[in-house]
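Q: I would like a close look at one part of this model, with the cut-offs spelled out as you go. Could you start from the whole chain and then work your way in?

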Amino acid sequence: SSPKLVKHITPVGTRIYRTHSASTQVLLAEQQESIVRRFFDGTDGDTAEALLRLEKVRDRGYAVNDGETSPEEWSVSAPIRDYDGRCVAALLLSVPHSRVTNAMRDDLPRRTVRAAHRISHRLGYIETEEA
């Protein structure tokens with residue numbers, strides 16, 4: 001819990017249907033393309049652009065929402081994996097947008113990925129080096 005007076009709080013279990021949500025991006029990046037296309041079918045979003053964005057998320061290992069779902073929020077999310085390496089959840093760190101500095105934009109994704117790796121390890125995930 002933040003000691004700051006202004007906090008960004010989303011109740012546990014809140015459903016967010018916005019495609020630019022960092023946790024939604026992480027979860028979609030792990031899905032087959034056919035599922036992603038079905039998800040975007042009927043939305044106002046550009047599916048081709050979304051597929052490129054999700055590819056970037058997979059390559060980096062995290063997603064960022066820089067005020068895209070709410071001008072008051074900056075957030076980063078990383079996948080949590082089970083013992084089979086499947087993404088079973090997403091760890092989300094959310095900060096009031098006005099409080100984010102450039103240093104935080106560099107540091108918070110690393111911290112979030114490290115925390116997600118620790119949780120994944122507790123679920124039995126063992127990261128392997130790819131050739």
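What share of the contacts in the protein chain with a separation of 6 or more comes from residues 24 or more positions apart? And then, please, the close look: which residues of α1 are buried, and which elements do they pack against?

A: Happy to! This is a predicted model, in which local features need pLDDT of at least 70 and side-chain atom pairs count only at pLDDT 80 or more, while totals for chains, interfaces and linings use all residues. Residues are numbered from 1 along each chain as its sequence is written, and side-chain values use heavy atoms, leaving out hydrogens and water.

To your first question: residues 24 or more positions apart account for 54% of those contacts, where contact means heavy atoms within 4.5 Å. The protein chain holds four helices and three strands, in the order α-α-α-β-β-β-α from the N terminus. These are DSSP runs, with helices being H or I of at least four residues and strands E of at least two, numbered from the N terminus.

Now to α1. Seven of its eight residues are buried, that is, under 20% relative accessible area with a 1.4 Å probe and protein chains only as cover (over 50% is exposed, and partly exposed lies in between). The seven are A22, S23, T24, Q25, V26, L28 and A29. For comparison, 32% of the 131 residues in the protein chain count as buried. The buried residues of α1 pack against two helices, α2 and α3, and against the strands β1 (63-66), β2 (73-81) and β3 (87-96).

Part of α1 also belongs to the largest nonpolar core, a set of twelve residues that includes A22, V26, L28 and A29. Such a core consists of buried Ala, Val, Leu, Ile, Met, Phe, Trp, Tyr and Cys residues joined through side-chain atoms within 4.5 Å. Two or more of its residues come from each of α1 (22-29), α2 (33-40) and α3 (47-60). Another member is V36; leaving aside residues up to four places away in sequence, V36 touches L28, Q31, L51 and L54. A second, separate core has eleven residues, among them Y62, V64, V76 and L108.

Two of the strands that α1 packs against, β2 and β3, pair in the antiparallel sense over nine bridges; pairing requires at least two DSSP bridges between strands. Within this pair, A78 has L91 in β3 as its bridge partner. Five residues lie between the two strands of the hairpin, where G85 takes a positive phi near 85°.
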